[in-house]
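Below are some questions and answers on how the parts of one protein model pack together. Look at the structure, then read on.

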Amino acid sequence: MTRILLVEDNPKVVHRVKKALGPDWTLVHAPRLSEALGMLRAGGIALVLLDLTLPDGRGADLVSLVSAVAPEVPLIALLDGGAATSVT
């Protein structure tokens with residue numbers, strides 16, 4: 001099954017994303033960038049959904065850090081409580 005990494009610190013957004021994806025996707029969750037980077041290094045992630053306002057980072061710096069660790073993994077930035085912008 002395809003694994004999607006959701007990097008999000010808001011439990012309500014995590015719940016909404018899980019519900020929207022349904023059973024055909026495996027959602028793994030990291031509430032902090034530091035945890036997400038470890039998951040990406042371990043491999044097996046097909047897509048990253050990245051909140052740009054995390055406790056341990058903000059904005060474009062987050063995108064750069066995630067892209068440096070896993071440049072082959074597509075990334076969608078989440079803005080404003082779930083609105084999405086594709087960045088890679």
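Q: Leaving aside its neighbours within four places in sequence, with which residues is Val7 in contact?
A: This is a predicted model, in which local features need pLDDT of at least 70, side-chain atom pairs count only at pLDDT 80 or more, and totals for chains, interfaces and linings use all residues. Residues are numbered from 1 along each chain as its sequence is written, and side-chain values use heavy atoms, without hydrogens and water. Contact means heavy atoms within 4.5 Å. On that basis, the partners of Val7 are Ala30, Arg32, Leu33, Ala36, Val48, Leu49, Leu50, Asp51 and Leu54.

Q: Which element gives the largest share of the largest nonpolar core?
A: A nonpolar core is a set of buried (under 20% relative accessible area, 1.4 Å probe, protein chains only) Ala, Val, Leu, Ile, Met, Phe, Trp, Tyr and Cys residues joined through side-chain atoms within 4.5 Å. The largest one has 20 residues. Helices (H or I, at least four residues) and strands (E, at least two) are DSSP runs, numbered from the N terminus. The largest share of this core, four residues, comes from α2.

Q: How are the axes of α2 and α3 oriented to each other?
A: Axes are lines fitted to C-alpha atoms, for helices over the stretch in contact, and angles run from 0 to 180 degrees between N-to-C directions. The two axes come within 9 Å and cross at roughly 20°. Angles under 35 degrees count as roughly parallel, so α2 and α3 are roughly parallel.

How values were computed: Buried means under 20% relative accessible area, exposed over 50%, partly exposed in between (1.4 Å probe, protein chains only). Angles under 35 degrees count as roughly parallel, over 145 as roughly antiparallel, 65 to 115 as roughly perpendicular and the rest as oblique.
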